[in-house]
Amino acid sequence: MSAHAETAHHGPASGISRWILTTNHKDIGTMYLVFSLLMLFVGGSMAFVIRAELFQPGLQMVMPEFFNQMTTMHGLIMVFGAVMPAFVGLANWQIPLMIGAPDMALPRLNNLSFWILPFAFAMLLSTLLMPGGAPDFGWTFYAPLSTTYAPPSVTFFIFAIHMMGISSILGAINVVVTIFNMRAPGMKLMDMPLFVWTWLITAFLLIAVMPVLAAVVTMMLMDVHFGTSFFNAAGGGDPVLFQHVFWFFAHPEVYIMVLPAFGVISQIVPTFARKPLFGYHSMVYATAAIAVMSFIVWAHHMFTVGMPLAGELFFMYTTMLIAVPTGVKVFNWISTMFRGSMTFETPMLFAIAFIVLFTIGGLSGLMLAIAPADFQYHDTYFVVAHFHYVLVPGSVFGIIAGVYYWLPKWCGKMYDEKLGQWHFWLSFIGVNLTFFPMHFVGLAGMPRRIPDYALQFADFNMITSIGAFLFGTTQLLFVYILIKTVRSGKPAEQLPWDGAQGLEWSVPTPAPYHTFSTPPVVGDK
């Protein structure tokens, strides 16, 4: 008798085997979310090391080599271990519920795509214990620093990256197949909630760019072990080629990390404004436009490599152009809130903070898009401030907002609203104390990825470090709120958000399968 038949015969598997063997989209979504929370604290503890070292000038905490290892590992773990798996977890939980599907289309593949991740990150973290230490060449792992001058652990790093990429591709294929094949009868694409739309577009981005990442780390592997010279000028290669291939992957990757957050915000804002989303169709088209344009802006990360003037102008203008569809989305969110019957529960607070702070990140991005000015900003803390405003109050706040919003749906219990508000305000203050002063030290010329700095930057760095410790420790309160809700939260009402049927507002025409209710049966009009 097969294991599957045996399980069916004896009833569902219990204990740990239930989680290892599960093909249930809710279980897998939960595992993704728990894993990403764990990685948030691992990556966050590395940020603590970085900020402790930069608390005051003069070497005080760690050696420069270890500082470089921490900056590298922090970036990789936060991008591939915290933000992306969290969005895949939200997708697993919500997409089948939102389109009226019984589960994801490929449940076994779903299980596999999750279980690849713990092994990938175990391999990445194991490099900390290896001779020569962990990778120390920055999260962008520019060659030849990551090939010719890399520690021996670089091979394990490359294998870990391959595994993360495989997991992402499998998850994305599952999302695409589920959305195209398993929508409720009569549900057209333009009837789908925006979270589903943003994830559909994100999944296509993942399928398109993950092979590019695989290609670049394979070329690295060849340079390290097989005597090729893809990125070694001495052998006729080109180090700038690495940057082109890497950023052709990594710029769409930036949008992969924020488009699902746009979807989450597009669900939350209409719910708490008690109004349908303003401009549903324009939101879908703007998301698609951002995805397409993300492929033609990659070299704005490379203005200082000495590209031709025509190249600089092309990438400058396309980068400015991509701000237009993003501006459309912000306009639509604000228009949705305008004259709505707004209430400010925790998910809405995180959503509004997302809109305001993500816009700040977008405006500093426009500053960085100006090629001649970028020569001044490049590799300073201004760049660090910019992308953290996009990724922390952007992606991370989007994830947290989604968790608070859907938690009553997931576990049938309501979180403690007062504690949620505390969590929001401490996070909001912490995030701005951490990243806003970085704009100032960056404009004043403080370089990034350096473990020491001149005396004139000391005050702002101290404020930044205090903000970082506040923001990081506040997330322990988040964990407490989650555990308290699951264990002893009050039972949630049928419609937890005060009669606002959240999913109903996110579509142009109300229909039975857009609400929190069960999917319609065939022929149910």
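This briefing walks through the inner spaces, the salt bridges and a few backbone oddities of the structure above. Keep in mind that the model is predicted. In short, there are three cavities of 30 Å³ or more, a second largest pocket of about 700 Å³, and four salt bridges. There is also a cis peptide bond between A143 and P144.

**The largest cavity**

- Let's start with the closed spaces: the largest cavity holds about 90 Å³.
- Its walls are made by Y32, F80, M84, P85, V88, L117, M164, S167, S168 and G171.
- Two helices, α4 (64-99) and α6 (154-181), each put at least two residues into that lining.
- Sorted by class, the lining of the largest cavity has seven nonpolar residues and three polar ones, with no charged residues.

**The second largest cavity**

- Next comes the second largest cavity, with about 40 Å³ of space.
- Around it sit M84, F87, V88, W199, T202, L206, I256 and P260.
- Here α4 shows up again, and this time α7 (194-225) joins in; each of them supplies at least two lining residues.
- M84 and V88 are worth picking out, since they are listed in the lining of the largest cavity and also in that of the second largest cavity.
- The class count for the second largest cavity is seven nonpolar, one polar and no charged residues.

**The second largest pocket**

- Turning to open spaces, the second largest pocket has a volume of about 700 Å³.
- A total of 23 residues line this pocket, and those closest to its centre are T30, L33, V34, L37 and L482.
- Helices α3 (25-53), α4, α15 and α17 are the elements that each give two or more residues to the pocket lining.
- Of these, α15 contributes the most, with seven residues.
- The lining of the second largest pocket breaks down into 21 nonpolar and two polar residues, and none of its residues are charged.

**Salt bridges around D379**

- R448 pairs with D379 in a salt bridge, where the closest N and O atoms are 3.9 Å apart.
- R448 sits in the loop between α16 and α17, while D379 is in the loop between α14 (371-377) and α15 (381-411), so this pair ties together parts that are 69 residues apart in sequence.
- R448 counts as buried because its relative accessibility is 13%, and the cut-off for buried is under 20%.
- D379, with a relative accessible area of 34%, is partly exposed.
- D379 also forms a salt bridge with R449, with 3.7 Å between the closest N and O atoms.
- That second link again runs from the α14 to α15 loop, where D379 lies, to the α16 to α17 loop, where R449 lies, so it ties together parts that are 70 residues apart in sequence.
- R449 is partly exposed, at a relative accessible area of 30%.

**The D416 and K484 pair**

- Another salt bridge brings the side chains of D416 and K484 together, at 3.0 Å from N to O.
- D416 lies in the loop between β1 (413-414) and α16, and K484 is in helix α17, so the pair ties together parts that are 68 residues apart in sequence.
- Both ends are partly exposed: D416 has a relative accessible area of 27%, and K484 comes in at 29%.
- Looking back at the other group, salt bridges with shared partners join D379, R448 and R449 into one network.

**Backbone oddities**

- The peptide bond joining A143 and P144 is cis, with omega at about 0°.
- As for where to look, P144 is in the loop between α5 (107-126) and α6.
- R339 has a positive phi of about 60°, even though this residue is not a glycine.
- You'll find R339 in the loop between α12 (323-337) and α13 (346-369).
- R339 counts as exposed because its relative accessibility is 75%, and exposed means over 50%.
- R449, already met as a partner of D379, is another residue other than glycine with a positive phi, near 60°.
- The loop that holds R449 runs between α16 (417-443) and α17 (458-488).

Key. Residues numbered from 1 in each chain as written. Predicted model: local features only at pLDDT ≥ 70, side-chain atom pairs only at ≥ 80, totals over all residues. Heavy atoms only, no water. 1 Å grid on protein atoms, 1.4 Å probe; cavity = no way out; pocket = protein on both sides within 12 Å on 5 of 7 lines; lining within 4 Å. Points joined across faces, edges and corners; volume = space filled by probe spheres on them. Helix = DSSP H or I, 4+ residues; strand = E, 2+ residues; numbered from the N terminus. Nonpolar A, V, L, I, M, F, W, Y, C, P; charged D, E, K, R; others polar. Buried < 20%, exposed > 50% of the residue type's maximum accessible area, 1.4 Å probe, protein only.
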